[in-house]
Amino acid sequence: MIFILFLAVAIWLSYSMSKKAMIPIQTVYHQQQQFLADASHELRTPLTIMNTSFDVIELEHGEDFTPYTKEVLADMKDEVGRMSRLVQHLLLLARSDSGSVQFETVSFDLVPKLRLWVQAFESLARQKCISIRAEFPEELIVMGDLERIKQVVYILLDNAMKYTPEEGVVDVMLEAASKRWVLSIKDTGIGIPEEDRSRIFDRFYRAEKHRSREEGSAGLGLSIAKWIVEAHKGSIEVVSSVGHGSTFIVKIPHK
Ligand code: ADP
């Protein structure tokens, strides 16, 4: 009896002490999250200003520029665009960690939206001589956060474009099953080695470090896509073959 009592007190003591020991760690973690969120937020404004300033400079003096200046300006615009995307992603992840992102669940027909989102990639596809094929049903009413689902589609299409060489094909397929809807984005790109497949959904993980760096990647897109899909109680997986291509499959339950 005394032994049981002693054990119970010992367990209680160690539990309350470990809880106390966690407080400074949690505080530091919290402060770090807050710092990341604040820093990303503060960086957004100067980046937006830089972006619009480039447009003004181009509009007012564009005709006087030498080809070299034009090239430098275009590179600067690219870099600022890349930094803006990175900051946006960091801000979103910091907010997701602190649980301050609200999902707005609405019911909508995904088909016309998906057509629009795919269309947004057409000009990039033309530049890279990639053909995008779409296979959608007539209509598919889904429940979810429209903007966040758009973000998932953009991340996957952006990757499909980045990692598919010229003359490639990207297939976007949407189907409805009885309990869920399934979106597949299949490319004929470089593929992902088996040892990287389980890690590409981790933050800052890039399979082809050199190649993806050149493409302006930070390795945050898929971790955001996974977070959004899981917030919809769905799943995201990849099937890939090096040198042949990859298929990203998103499955989201209807309710
Ligand atoms: P990134 O911004 O680097 O593309 P992601 O998180 O979206 O970040 O992707 C992580 C890594 O997964 C990429 O760096 C790339 O190596 C690999 N990857 C993602 N999508 C594809 C794809 N469609 N084809 C080949 N590799 C891909």
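Here is a walk through the model, from the ligand site to helix H2 and then to a few unusual backbone angles. The model is predicted, so to speak with care, local features need pLDDT of at least 70 and side-chain atom pairs count only at pLDDT 80 or more, while totals for chains, interfaces and linings use all residues. Residues are numbered from 1 along each chain as its sequence is written, and side-chain values use heavy atoms, with hydrogens and water left out.

Let's start at the ligand. The shell around it has 21 residues, each with a heavy atom within 4 Å of the ligand. Asn159, Asp187, Ala207, Ser217 and Leu222 come nearest. By type, the shell splits into ten nonpolar, seven polar and four charged residues (Ala, Val, Leu, Ile, Met, Phe, Trp, Tyr, Cys and Pro are nonpolar, Asp, Glu, Lys and Arg charged, and the others, Gly among them, polar). Helix H5 (146–162), helix H8 (221–231) and strand S7 (245–253) each contribute at least two of the shell residues; helices (H or I, at least four residues) and strands (E, at least two) are DSSP runs, numbered from the N terminus.

The backbone gets involved here too. An oxygen atom of the ligand sits 2.9 Å from a backbone N or O atom of alanine 207. For glycine 219, the corresponding distance to a ligand oxygen is 3.1 Å, and a polar backbone atom of glycine 221 is 3.3 Å from an oxygen atom of the ligand. On its own the ligand exposes 530 Å², and the protein buries 97% of that (Shrake-Rupley areas, 1.4 Å probe).

Now over to helix H2 (residues 67–97). Its 31 residues should span 45 Å at 1.5 Å a residue, and its end C-alpha atoms are indeed 45 Å apart; the expected span is 1.5 Å times one less than the number of residues. Its buried residues (under 20% relative accessible area, with over 50% called exposed and partly exposed in between; 1.4 Å probe, protein chains only) include Leu73, Val80, His89 and Ser96. Among the elements covering them are helix H1 (2–61), H5 and H8. Just after H2, glycine 99 takes a positive phi of about 70°.

Most residues other than glycine have a negative phi. Two residues here go the other way. Glutamate 167, in the loop between H5 and strand S4 (169–176), has a phi near 70°, and is exposed at 62% relative accessible area. Phenylalanine 204 has a positive phi of about 65°. This phenylalanine 204 lies in the loop between helix H6 (194–197) and helix H7 (209–214), and is partly exposed at 48% relative accessibility.

Notes
A polar contact is a pair of N or O atoms within 3.5 Å; within protein, one must be able to donate a hydrogen and the other to accept it, and residues adjacent in sequence count only if both atoms are side-chain atoms. Contact means heavy atoms within 4.5 Å.
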